[in-house]
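The following paragraphs lead the reader through a protein model, from its overall features to individual residues. Please keep the sequence and the structure in view while reading.

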There are 2 protein chains.
Amino acid sequence: MSNLKYALNPRSIAIVGASDQINKIGGRPLHYLAKFGFQGKVYPINPARPEVQGVKSFAGLDALPEVPDMVCVAVAGDNAERTVIQCAEMGVKVALVMASGFSESDPVNGAAAEQRMIAAGRKTGMRIFGPNMQGLANFGSGAIASFSTMFLEMPPEDGPVAILSQSGAMSVVPYGLLRQRGIGVRHTHATGNDADVSVAELSTEVAKDPNVKLLLLYLEGMPDPHFLAETAAIARERNLPVLALKSGRTAAGAIAAASHTGALATEDRVVDAFFEHHGIYRVKDVEGLVESAELFLKGWKPKGRNLVAISNSGAVCVLSADAASNAGMPMAKLALATREGLGKILPSFATTTNPIDITAALLSNSGLFSDILPVIAKDAAADAFLIGVPVAGQGYDVPRFARDSAAFAAETGKPLVVAAPQPSVAQAFAEQGLATFATESAAIRALDGYLGQNELAARLAASGARSTYRAAESAAQEGVTLNEAESLAIAEKAGIPVAKYRLCQSAAECVEAWRAIGGPVAVKACSRDIPHKSEYGLVKLGVNSEAEISALFETMTTTVAEKKASFDGVIVAAMAKGQREFMIGAHRDPVFGPVVAVGDGGKYIEALGDVRLLIPPFSASDVERALRSLRIAPLLDGVRGDPPLDIAAFGDLAAKVGALMLDAKLKIASIDLNPVMVFARGEGCVIADALVVQQA
Amino acid sequence: MSNLKYALNPRSIAIVGASDQINKIGGRPLHYLAKFGFQGKVYPINPARPEVQGVKSFAGLDALPEVPDMVCVAVAGDNAERTVIQCAEMGVKVALVMASGFSESDPVNGAAAEQRMIAAGRKTGMRIFGPNMQGLANFGSGAIASFSTMFLEMPPEDGPVAILSQSGAMSVVPYGLLRQRGIGVRHTHATGNDADVSVAELSTEVAKDPNVKLLLLYLEGMPDPHFLAETAAIARERNLPVLALKSGRTAAGAIAAASHTGALATEDRVVDAFFEHHGIYRVKDVEGLVESAELFLKGWKPKGRNLVAISNSGAVCVLSADAASNAGMPMAKLALATREGLGKILPSFATTTNPIDITAALLSNSGLFSDILPVIAKDAAADAFLIGVPVAGQGYDVPRFARDSAAFAAETGKPLVVAAPQPSVAQAFAEQGLATFATESAAIRALDGYLGQNELAARLAASGARSTYRAAESAAQEGVTLNEAESLAIAEKAGIPVAKYRLCQSAAECVEAWRAIGGPVAVKACSRDIPHKSEYGLVKLGVNSEAEISALFETMTTTVAEKKASFDGVIVAAMAKGQREFMIGAHRDPVFGPVVAVGDGGKYIEALGDVRLLIPPFSASDVERALRSLRIAPLLDGVRGDPPLDIAAFGDLAAKVGALMLDAKLKIASIDLNPVMVFARGEGCVIADALVVQQA
């Protein structure tokens with residue numbers, strides 16, 4: 001395949017600008033390659049001296065005994081550009097340009113130099129990282145072509161986690177936090193300006209490393225979503241959890257991101273929808289990237305969210321129930337047999353309901369843990385466990401509690417977290433291989449993140465293979481606005497239920513339509529030039545007489561003519577009154593392609609924003625899940641005597657809109673259906689208006 | 001005053017059941033009193049031996065040379081009860097009952113024993129703590145009458161924080177977390193069953209300790225709100241921040257709390273309103289109790305929430321802006337002079353907008369911090385600062401950054417937090433007295449908590465002295481339902497605007513009322529027996545003819561008679577159509593007394609729950625703040641062409657409802673005003689219906 005694989009596993013590395021000083025950019029990689037056991041060839045390039053850091057040095061790349069797989073370019077400016085071009089010409093596989101001063105700071109000359117380097121690389125297939133990059137670090141092979149300070153400060157240890165980031169800091173901050181927790185990290189890559197290889201493209205390669213069990217991404221922009229989609233597909237295939245921290249979530253953050261990397265601000269909810277669609281689990285901060293990491297490495301197969309909490313403190317039981325409830329984790333309802341079993345062991349005043357308060361009796365009876373855990377282990381209602389030990393130490397057999405807990409965890413094979421604020425107690429549990437946190441809140445947050453990713457993965461697995469990423473090559477928003485009749489026709493053809501209507505060209509046809517439809521009707525002028533017709537009095541509801549209809553045809557015709565707008569007829573339509581009005585809107589995002597919004601309808605859609613975004617294709621059940629996360633979700637099943645709504649029908653309708661957006665032949669730029677009238681369950685839903693814009 | 005003060009500062013302490021083994025309940029207090037330097041007299045009581053832990057022991061309380069101020073009762077069952085009664089009789093000031101097995105586990109005999117002890121104490125003024133208590137610990141005096149394991153594990157240091165809790169665990173978990181952060185703790189009290197002195201009553205005493213600068217409360221139930229109100233009043237007087245963690249926030253948590261302490265479940269939003277009213281800052285978990293602690297001890301006087309973030313990493317700048325924005329902390333807009341000043345110092349590609357990215361140039365120029373900070377210090381737009389150092393170490397002059405930051409903090413006198421994930425870097429900043437956190441998210445959370453408490457305190461100071469707590473002695477919800485006319489009359493008398501109406505006793509009167517009001521009217525039967533009259537067809541809107549009105553009078557009279565309900569007349573009222581409909585509901589909470597709900601009106605009030613609760617008295621601006629936290633807040637200022645709403649008038653109306661609930665003479669149990677029709681700004685608001693229940 002491509003030369004990209006040499007980025008992770010080079011057989012030889014040359015460092016242009018190699019320095020004896022390990023705190024210089026050209027000194028650090030050389031230092032690390034020796035220190036962390038790189039087994040390949042290392043070639044310092046420094047014309048001024050025979051050896052650098054004790055390694056034989058060469059005067060130039062052309063003096064090397066072989067063409068190196070990888071070259072670290074640790075010289076600046078023109079020198080860097082010349083070196084990169086030389087690398088390309090001699091057949092180097094991968095060049096890492098650490099120097100800054102390119103497009104990130106000089107959008108004219110710096111950007112041009114970047115483009116010249118890329119052009120040189122393209123000619124020979126050499127891949128370029130950076131410029132302005134901190135470097136690549138593979139602790140599996142010891143190929144640490146990076147100048148990060150962090151590896152001096154926090155000793156590395158090969159392990160199952162990979163971290164990728166454009167930003168140098170955000171590649172090593174998660175590294176540092178994971179290492180503090182004793183978790184091994186294999187890959188820590190910071191790719192800089194991403195002029196050629198982007199962090200997203202590199203992630204496709206890292207996702208294939210069979211030793212990687214957890215992939216963490218820090219993203220500011222979303223420049224290469226198709227590579228992220230590819231990474232997600234590879235990861236789904238091998239059950240590799242991918243967590244992404246996409247910053248610039250807020251307006252303030254997006255402004256900061258734009259000034260940092262020039263990242264294009266994308267509507268954040270579309271990013272959410274993209275990640276959700278591809279099964280990338282989005283976290284909201286650095287803590288989110290690392291707090292659940294240990295849990296992903298346990299090999300559990302979680303079945304649900306029902307939690308059992310066990311503590312020697314009633315207060316911890318209450319706080320755990322609060323935290324779990326807020327995280328959407330119900331307290332498991334213990335079986336009668338479990339409760340009876342507990343009742344035989346625990347003191348009479350202890351609680352045998354869940355959360356299980358074993359009380360301070362633990363101080364006088366260190367065997368309580370080993371006695372009760374096997375009873376709980378048998379209960380099928382438990383999906384996950386929290387063990388809270390707020391206070392222990394002298395007088396308590398802490399090592400025994402930890403051993404008992406570990407044996408219990410091994411027996412159940414279910415997720416288990418420990419909350420222990422005392423470092424000594426936490427250490428005893430951690431030494432038994434248990435995931436341990438300072439507080440029950442922190443433990444629940446970690447568990448929630450872990451379960452959330454698993455649920456996302458399970459949903460994607462259940463819905464079958466996702467389509468690969470759809471390029472946004474036809475993202476144009478501008479186009480031809482269709483008139484209402486044309487728009488409705490497209491919807492009807494796609495199987496979307498439309499309230500009975502007729503497009504009429506005369507007053508007589510209008511009257512005939514009214515008679516055919518029966519009862520009061522809506523009368524609407526049809527003109528592709530007037531999409532918002534109600535603003536001009538071109539919509540009249542509840543019309544129910546021949547005279548009124550005939551008169552309306554005439555006045556509407558006149559009004560449209562006065563506006564010098566195209567007159568495409570008058571629509572006579574059945575009046576539909578749904579149980580509740582929803583909205584569906586679809587458009588093409590310039591980065592992510594088709595996006596469909598579903599949500600509460602009415603006048604205040606923009607102001608209240610009670611909508612969710614989905615990336616097609618999606619199913620009716622995806623739509624239902626989206627609706628159930630709306631603020632109006634409590635109304636879906638009927639309240640105050642209202643019947644439950646036909647959400648399944650609405651989901652089906654929305655899925656059809658998604659399919660319309662994916663139909664390349666139709667070339668639809670956007671669709672607005674508002675309102676979508678939803679009836680009581682079993683009675684379906686219907687649209688009475690539609691506005692379709694076709695790409696020019 | 002009372003003997004309660006001896007709970008904190010006893011001059012002598014006797015321990016009944018004193019043990020040589022320091023891991024026994026009777027061993028720990030004795031051990032701690034010696035270890036932590038208690039200067040008063042200590043009297044172990046143990047008839048079996050001449051001394052305990054090297055201290056002269058006595059055969060019984062009656063063998064003591066004096067009556068001790070405090071007695072720790074570390075014996076069990078009947079023995080405990082006998083000891084307490086003996087203590088009371090001999091004039092002991094305070095008895096601490098550590099034994100369990102009372103009301104918490106035996107609601108019949110245990111509770112009765114508790115009551116007998118209290119009765120004995122009452123006779124002589126002796127105050128009783130517990131039973132089932134872990135103990136009281138005052139590290140200022142060394143009076144550690146507690147058997148907590150934590151003080152063996154985490155060495156105490158006297159300091160400015162006080163922690164009070166019923167639960168033993170939750171008294172020492174915050175203690176442990178604060179001690180890990182190097183923060184000194186003076187008081188750590190766990191009061192157990194609260195049979196006599198409750199944690200709330202004890203807090204009134206602790207709040208008076210001038211050395212206490214931060215008061216932390218863990219609460220499960222809310223048994224003594226008047227004492228909490230008193231504590232809050234004392235704290236407001238001396239600017240003492242009070243933070244409360246009230247658990248059982250969720251349904252699952254409330255169930256767990258009920259089984260733990262038998263705590264009465266109170267609607268959690270009322271608890272919120274109570275804390276807000278009295279200026280107690282509520283946090284949601286243990287982390288919330290401790291994460292801002294250091295900030296409260298700095299003596300800052302925060303003016304606002306505009307943040308300036310400074311980092312050597314652009315990514316940290318973006319993440320800080322995201323975190324700040326989510327916490328409602330805008331990025332301060334730097335003055336032009338500041339930006340120009342920064343531009344002269346920073347590299348050309350650095351950002352001189354806020355957040356300020358000083359870039360990796362810091363590695364080559366350790367003076368950048370000292371150069372830029374004075375420029376930023378002059379900018380009045382900044383209210384608070386975050387300094388993010390994601391990576392540093394070898395090659396960086398970290399001690400200098402820390403010194404520069406500390407000098408900057410001292411110069412500005414404004415809140416400053418540091419985010420540094422590397423322990424070595426964090427330590428360098430912490431050693432300079434700066435509040436340091438692992439991540440920007442954690443730093444922002446701490447700052448948000450600190451600012452939130454300050455804002456609450458400032459609001460209370462601005463609104464003048466709050467009324468003290470109003471006892472819920474007249475909390476009865478049951479009572480006499482007034483008819484609509486009587487209800488409207490009460491509202492009118494209170495100055496609440498009511499749509500024009502007349503109560504009529506004949507068809508002729510109805511017609512006359514219609515003529516007087518003018519235009520279409522609402523016609524409603526008035527009966528105190530039929531509060532929900534629309535369900536029975538007893539409300540008719542848009543009536544606008546003599547014939548219709550006369551007929552309605554007759555049919556309504558008949559309908560009411562058929563229901564065998566009291567017929568109090570027919571109301572003819574002007575039709576009002578507000579710009580938007582809101583609701584106001586007031587009732588008496590059995591724990592907290594009068595509570596007023598304000599929020600969005602309409603059919604789905606219960607299902608959507610877009611309401612806030614306030615404790616009267618409150619002002620129109622309190623109401624506006626409540627409305628601005630609703631989900632419909634974006635609509636208040638007018639969207640989609642709507643005019644802004646007259647929120648001031650609504651606030652005034654709601655404040656009048658609060659005043660009605662406080663008027664003892666009126667004896668109102670509840671008031672429901674729904675809808676309250678709010679017009680465009682300047683046009684006021686009006687009610688058209690009211691339902692008042694008077695206490696029987």
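In chain A, the mean position of the 64 positive charges and that of the 73 negative charges are 3 Å apart. This value, like every other in this account, is computed from a predicted model.

The overall dimensions of chain A come next. Its C-alpha trace spans about 100 × 80 × 35 Å along the principal axes. The chain exposes about 25800 Å², and carbon and sulfur atoms supply 52% of that area. Of its 696 residues, 60% count as buried, a term that stands for a relative accessible area under 20%. Among the contacts in chain A with a separation of 6 or more, 72% are between residues 24 or more positions apart.

How is chain A divided? It has domain 1 (1–134), domain 2 (148–290), domain 3 (307–462), domain 4 (501–571) and domain 5 (580–695). The C-alpha centres of domain 2 and domain 4 of chain A lie 55 Å apart. The secondary structure of chain A comprises 25 helices and 30 strands.

The relation between the two chains may now be considered. A turn of 180 degrees, with a shift of 0.1 Å along the axis, lays chain B on chain A with an RMSD of 0.1 Å. This is the relation of a two-fold axis. The C-alpha of chain B nearest the axis belongs to B:Arg631, at 4.4 Å from it. Both copies use the same surface, for 100% of the contact residues of chain B recur in chain A.

Helix 16 of chain B offers an example of a helix that is mostly covered. It runs through residues 368–377, and 7 of its 10 residues are buried. Which residues of helix 16 of chain B are buried? They are B:Leu368, B:Phe369, B:Ile372, B:Leu373, B:Val375, B:Ile376 and B:Ala377. These buried residues pack against several elements of chain B, including helix 14 (336–345), strand 16 (356–357) and helix 17 (398–412). Strand 15 (307–311), helix 15 (361–364) and strand 17 (384–388) are also among the elements of chain B against which they pack.

Two of the elements just named, helix 14 and strand 16 of chain B, are joined by a loop that holds B:Pro355. The peptide bond from B:Asn354 to B:Pro355 is cis, with omega near 5 degrees. Another cis peptide bond joins B:Asn674 and B:Pro675, where omega is about 5 degrees. B:Pro675 is placed in strand 28 (residues 668–678) of chain B.

Strand 28 of chain A also has residues 668–678, and a loop between it and strand 29 (685–687) contains A:Ala680. Is A:Ala680 buried or exposed? It counts as buried because its relative accessible area is 13%, and the limit for this class is under 20%. Not counting residues up to four places away in sequence, A:Ala680 touches A:Gln579, A:Pro643, A:Pro644, A:Leu645 and A:Asp646. The C-alpha atoms of A:Ala680 and A:Leu635 are separated by 12 Å, although the two residues are 45 apart along the chain.

A buried residue can also be found within a helix of chain B. B:Glu81 belongs to helix 3 (residues 77–90) of that chain. Its relative accessible area is 12%, so B:Glu81 is buried. Leaving out residues up to four places away in sequence, B:Glu81 touches B:Ala113, B:Arg116 and B:Met117.

B:Gly609 has a relative accessibility of 28% and therefore counts as partly exposed. It occupies the loop between helix 23 (605–608) and strand 27 (611–614) of chain B. Apart from its neighbours within four places in sequence, B:Gly609 is in contact with B:Arg269 and B:Tyr604. B:Thr191 is 418 residues from B:Gly609 in sequence, and their C-alpha atoms are 36 Å apart.

The last stop is Asn132 in each chain. A:Asn132 is not a glycine, yet its phi is positive, at about 65 degrees; B:Asn132 likewise has a positive phi, near 65 degrees. A:Asn132 is placed in the loop between strand 7 (127–129) and strand 8 (135–138) of chain A, and B:Asn132 in the loop between strand 7 (127–129) and strand 8 (135–138) of chain B. With a relative accessibility of 29%, A:Asn132 counts as partly exposed. B:Asn132, at 30%, is partly exposed as well.

Technical notes: Residues numbered from 1 in each chain as written. Chains lettered and ligands numbered in written order. Predicted model: local features only at pLDDT ≥ 70, side-chain atom pairs only at ≥ 80, totals over all residues. Heavy atoms only, no water. Domains from an automatic or database assignment. Helix = DSSP H or I, 4+ residues; strand = E, 2+ residues; numbered from the N terminus. Buried < 20%, exposed > 50% of the residue type's maximum accessible area, 1.4 Å probe, protein only. Contact = heavy atoms within 4.5 Å. Areas by Shrake-Rupley, 256 points an atom, 1.4 Å probe, with all protein chains shown as cover. Lys, Arg positive; Asp, Glu negative; His and termini not counted. Charge placed at Lys NZ, Arg CZ, Asp CG, Glu CD. Least-squares fit on C-alpha atoms with pLDDT ≥ 70 in both.
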